[in-house]
Amino acid sequence: MLYPMEFNRAWREAVSLGLTRRTRLYRDEIQLLCHIFRHTKSYLEVGVYDGLSAYLVGACTEAKHITLVDINENKYIVTVLESLGINVETCWTRIEDLELNRPHAWCLLDADHSYEGTKAAYDKCFGLATSIVLHDVEMPEVSKLFNEFTGVKIVSSQTSYTSPDGKVLPPLGYGIVK
Ligand SMILES: C[S@@+](CC[C@H](N)C(=O)[O-])C[C@H]1O[C@@H](n2cnc3c(N)ncnc32)[C@H](O)[C@@H]1O
């Protein structure tokens, strides 16, 4: 087995855990992201929501430590990640107020999708992560920031996608900017 868990199995587990009900992610985008970072041991996620991306990263990479940052507490995803043997640190706070010194291999920014909000999160996490990934780089404000940074973009090969909650999604995309 290439990963701790094969991606399609992890997605099925995420469905059965209820993590896909509201979250809108393109499967092929997050699968490729997990593949690129599969050998990393630590991960910082800003913008957790129901925890779908946190779970997929936890299940499909070698992450042993995950830090979750969100305004809203989510105890459920912490329990789920800990059941995978992952050490989970939580910061239920605004990213702007984050006080954290622990370095991480990489960080996913998926919280405030305004230009200013994404830039503020990037600045806050710059010294905390070796690599930084933005979600929703196909959306106008994040796209503007991504184009200033430049980087590697991951965009779904699907032209149309209906998310588990029945919404037809515009392209989302990840951008690796550091
Ligand atoms: C798009 S959702 C994240 C989706 C998640 N990555 C997933 O896979 O389900 C955005 C999340 O960012 C959080 N958020 C928004 N602004 C924030 C901020 N300034 N600081 C921390 N969290 C924030 C929201 O509470 C929400 O849970």
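These turns concern helix H1 and the ligand site of a predicted model.

Me: Which residues of H1 are called buried, and what makes them so?
Reply: Phe7, Ala10, Trp11 and Ala14 are the buried residues of helix H1, residues 7-16. Buried means under 20% relative accessible area, so these four carry the label because they fall under that cut-off.

Me: How do you know on which side of H1 these residues lie?
Reply: They cover an arc of only 100° around the axis, which means that they lie on the same side of H1. In an α-helix, with 3.6 residues a turn, residues three or four places apart point the same way. Arg12 and Ser16 are exposed on the other side of H1.

Me: What covers the buried residues of H1?
Reply: The cover includes helix H2 (27-36), helix H3 (52-60) and strand S7 (161-162).

Me: Why is Glu6 said to cap H1, and at which end?
Reply: A side-chain oxygen of Glu6 lies 3.2 Å from the backbone nitrogen of Asn8, at the N-terminal end of H1. A polar contact needs N or O atoms within 3.5 Å, so the 3.2 Å distance qualifies.

Me: What makes Asp110 a polar contact of the ligand?
Reply: A polar side-chain atom of Asp110 lies 2.8 Å from a nitrogen atom of the ligand. The cut-off is 3.5 Å, so this pair counts. Glu96 also has a polar side-chain atom 3.2 Å from a ligand nitrogen, and a side-chain N or O atom of Asn72 is 3.3 Å from a ligand oxygen.

Me: How much of the ligand does the protein bury?
Reply: Taken alone, the ligand exposes 610 Å², and the protein buries 84% of that.

Note on methods
Residues are numbered from 1 along each chain as its sequence is written. This is a predicted model: local features need pLDDT of at least 70, side-chain atom pairs count only at pLDDT 80 or more; totals for chains, interfaces and linings use all residues. Side-chain values use heavy atoms; hydrogens and water are left out. Buried means under 20% relative accessible area, exposed over 50%, partly exposed in between (1.4 Å probe, protein chains only). Helices (H or I, at least four residues) and strands (E, at least two) are DSSP runs, numbered from the N terminus. The arc is that of the directions from the helix axis to the C-beta atoms. Contact means heavy atoms within 4.5 Å. A polar contact is a pair of N or O atoms within 3.5 Å; within protein, one must be able to donate a hydrogen and the other to accept it, and residues adjacent in sequence count only if both atoms are side-chain atoms. Accessible areas come from the Shrake-Rupley method with a 1.4 Å probe; for residues, only the protein chains shown count as cover.
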